[in-house]
Amino acid sequence: MRMPDVKNNFDGIKVACVGDSLTYGTTLLNRRVECYPSRLARLLGAKYDVLNFGFPGYAINKRSDRSLLNTPILKILENYAPDYILFLAGTNDARLKNYSSDDDFALNYKYFISALASLPSAPKVIAMTCPMAFTDANTVDFSQDILSRLVKIQKAIFNNNNVAYVDLYSLTQGKSLLYSKDMLHFNTKGAKFLAYKMYSVITEYQKTVNENI
């Protein structure tokens with residue numbers, strides 16, 4: 001996995017977009033420009049530094065061959081010292097090759113959320129549930145049933161631990177036009193949809209921060 005270049009001397013507001021291929025921009029023709037973190041950066045403007053920490057194929061489950069928990073991501077984020085962390089992961093845990101049990105997912109997901117919130121920069125963590133997937137289970141090692149259960153687990157963790165979150169699963173119901181041909185990843189419209197949603201969330205939170213200064 002390749003980490004993005006970190007700007008340690010940036011004086012503005014730092015935003016780390018952490019996740020899997022949905023953050024990375026897999027299937028987008030020009031992902032560096034079209035992925036949601038890049039679109040978000042343009043919306044927020046020069047006072048914000050937005051980095052894409054999206055890693056294709058990575059799951060939460062520690063038993064997975066590619067688990068975010070088995071990477072140096074937390075140390076990199078500690079060095080970056082973000083003000084906000086936008087966290088979107090879990091879809092790859094609905095792949096049968098990565099899934100072990102609901103309990104394992106809950107344990108690992110809760111640990112990772114807690115680790116993000118406990119970084120020295122005390123970032124505001126804004127999590128997202130897994131979005132809907134419209135992929136054909138006959139052609140992809142993927143379970144819609146597991147996905148819906150994982151989303152319920154995510155919501156329970158968010159609500160029980162006072163984690164701010166966006167319910168992408170509900171927001172993307174019936175919106176297959178936001179998806180690429182594989183019906184799993186966002187297309188350009190989907191990336192734009194996500195960027196605008198997270199832009200509105202961040203600006204609302206930042207407004208509250210500014211009012212309290």
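Where is the place of Ala81? Ala81 sits in the loop between H4 and E3, and it returns in the third view below.

This is a predicted model, in which local features need pLDDT of at least 70, side-chain atom pairs count only at pLDDT 80 or more, and totals for chains, interfaces and linings use all residues. Residues are numbered from 1 along each chain as its sequence is written, and side-chain values use heavy atoms, with hydrogens and water left out.

**View 1. The whole chain.**
The chain has eight helices and five strands; helices (H or I, at least four residues) and strands (E, at least two) are DSSP runs, numbered from the N terminus. Along the sequence their order is β-α-α-α-β-α-β-α-β-α-β-α-α. The C-alpha atoms fill a box of roughly 50 × 35 × 30 Å, taken along the principal axes. The radius of gyration of the chain is 16 Å, which agrees with the value near 17 Å for a compact globule of 213 residues. This radius is taken over C-alpha atoms, and the globule rule is 2.2 Å times the number of residues to the power 0.38. Of the 213 residues, 52% are buried. Buried means under 20% relative accessible area, exposed means over 50%, and partly exposed lies in between (1.4 Å probe, protein chains only). Among contacts with a separation of 6 or more, 76% join residues 24 or more positions apart; a contact means heavy atoms within 4.5 Å.

**View 2. Helix H4 and what covers it.**
Helix H4 spans residues 73-80, and its residues Ile73, Leu77 and Tyr80 are buried. Seen down the axis of H4, these buried residues fall within an arc of 55°, so they line one face of the helix. The arc is that of the directions from the helix axis to the C-beta atoms. The cover over the buried residues of H4 includes strand E1 (13-19), strand E2 (48-54), strand E3 (84-88) and helix H5 (102-117).

**View 3. Two alanines with positive phi.**
Most residues other than glycine have a negative phi. Ala81, just after H4, takes a positive phi of about 55°. Its relative accessibility is 29%, so Ala81 counts as partly exposed. Ala122 is not a glycine either, and has a positive phi of about 50°. Ala122 is found in the loop between H5 and strand E4 (124-128). Ala122 counts as exposed because its relative accessibility is 57%.

**View 4. Leu68 in the loop between E2 and H4.**
Leu68 lies in the loop between E2 and H4. With a relative accessible area of 1%, Leu68 is buried. Which residues does Leu68 touch, not counting residues up to four places away in sequence? They are Gly19, Phe55, Tyr58, Ala59, Ile60, Ile73, Phe87, Ala89 and Phe112. One of them, Ile73, is also among the buried residues of H4. Phe55 and Leu68 are 13 residues apart in sequence, and their C-alpha atoms are 8.5 Å apart in space.

**View 5. Asp103 in helix H5.**
Asp103 belongs to helix H5. Is Asp103 buried or exposed? Asp103 is exposed, because its relative accessible area is 63%. The C-alpha atoms of Asp103 and Ile153 are separated by 9.1 Å, while the two residues are 50 residues apart along the chain.

**View 6. Ser143 in the loop before H6.**
Ser143 lies in the loop between E4 and helix H6 (144-160). Ser143 is buried, with a relative accessible area of 14%. Leaving aside neighbours within four places in sequence, Ser143 is in contact with Ala94 and Leu96. From Ser143 to Thr91 the distance is 9.8 Å, C-alpha to C-alpha, across 52 residues of sequence.

**View 7. Phe186 in the loop before H8.**
Phe186 is placed in the loop between helix H7 (168-171) and helix H8 (188-211). The relative accessible area of Phe186 is 5%, so this residue is buried. Its contacts, leaving aside neighbours within four places in sequence, include Leu22, Thr26, Thr27, Leu28 and Pro131. Also in contact with Phe186 are Thr172, Leu178, Tyr179, Ser180, Ala191 and Leu194. Ser143, the residue of the previous view, is 43 residues from Phe186 along the chain, and their C-alpha atoms are separated by 18 Å.
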